[in-house]
Amino acid sequence: MKSERPRQLSTAEERRETVLRTAIGAFAARGYWGTTTTEVAKAAGISQAYVYRLFPNKELLFTAVVEHCFVQVRASLERAAAEARGSSPEAVLGAMGDAYALLISDNDLMLIQLHAQAAAVSEPAVREAVRQGYARLVEYVRGASGGTEGQVQEFFAQGMLCHLIVSMGADEVDAPWTRTLSAGIKHF
């Protein structure tokens, strides 16, 4: 007769992480306005009431997802800066740019960023989460790279252009305008 181990219940923090991971996929697929907490709860295998216990409303859930994605971006940039093949601003920014291009090949992360930017236009809490996320990233990139204002601005501008190229599938179109937009932009 084998002994049965007692069922170990997950902690609220573990459930919170499960809901966040699940919500990333749901919000990436349908955006802020198109996703319901019922869909997130069902996909996470928990009740909607429990989602509301962890996140009192959809806005707080979405801003937590946005913040989680900014944390992922920051961690990726930190690893890239640490592994850069030199300490010049160009070397560090290049390594971070490559890491970011690889990171957004995970379409869910890129889609969360795009949906967050769209929702920020009319949703003050989302706008603040996006502002704070970019504020932290800009300051990190500035400090880690030692780049000038212009270099840091160009780094972020290329990241936004990379979003555009990837989101519209510009690499699938062989035309002068796509070659112009994609020239020198690395994406996976």
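Is Glu149 buried or exposed? Glu149 is exposed, with a relative accessible area of 58%. The model on screen is a predicted one, and the tour starts at this residue.

**Stop 1: Arg142 and Glu149.** Select both side chains. They meet in a salt bridge, with 2.3 Å from N to O. Arg142 has a relative accessible area of 25% and is partly exposed. Now add Glu139 to the selection: Glu139, Arg142 and Glu149 are linked in a network of salt bridges. A search of the whole structure finds 6 salt bridges, and two more of them are visited below.

**Stop 2: Glu128 and Arg131.** Move to helix α7 and show these two side chains. Glu128 forms a salt bridge with Arg131, and the closest N and O atoms are 3.8 Å apart. This pair falls within the 4 Å limit used for a salt bridge. Where do the two residues sit relative to each other in α7? They are 3 residues apart in the helix, so about one helical turn separates Glu128 from Arg131. Glu128 is partly exposed, at 37% relative accessibility.

**Stop 3: Arg30 and Glu39.** Select Arg30 next, then Glu39. These residues form a salt bridge in which the closest N and O atoms lie 3.3 Å apart. Both ends can be checked for exposure: Arg30 counts as partly exposed at 40% relative accessibility, and Glu39 counts as partly exposed at 31%.

**Stop 4: residues 13-73.** Colour this range. UniProt, in an unreviewed entry, lists residues 13-73 as "domain: HTH tetR-type". In the model the span is 87% helix and 0% strand. Its end C-alpha atoms lie 22 Å apart.

**Stop 5: helix α6.** Select residues 107-120. Helix α6 has 14 residues and reaches 20 Å from its first C-alpha to its last. That is close to the 20 Å expected at 1.5 Å a residue. Which residues of α6 are buried? They are Leu109, Met110, Ile112, Gln113, Ala116, Ala119 and Ala120. Show these as sticks.

**Stop 6: the surroundings of α6.** Keep the buried residues of α6 displayed and bring in their neighbours. What covers them includes α1 (12-34), α4 (58-83) and α5 (89-103). The cover also includes α7 (124-145) and α8 (149-167). Colour each of these helices separately to see which parts of the model lie against α6.

Definitions and conventions
Residues numbered from 1 in each chain as written. Predicted model: local features only at pLDDT ≥ 70, side-chain atom pairs only at ≥ 80, totals over all residues. Heavy atoms only, no water. Helix = DSSP H or I, 4+ residues; strand = E, 2+ residues; numbered from the N terminus. Expected span 1.5 Å × (residues − 1). Buried < 20%, exposed > 50% of the residue type's maximum accessible area, 1.4 Å probe, protein only. Contact = heavy atoms within 4.5 Å. UniProt positions renumbered as here; feature names shortened; annotations may be inferred.
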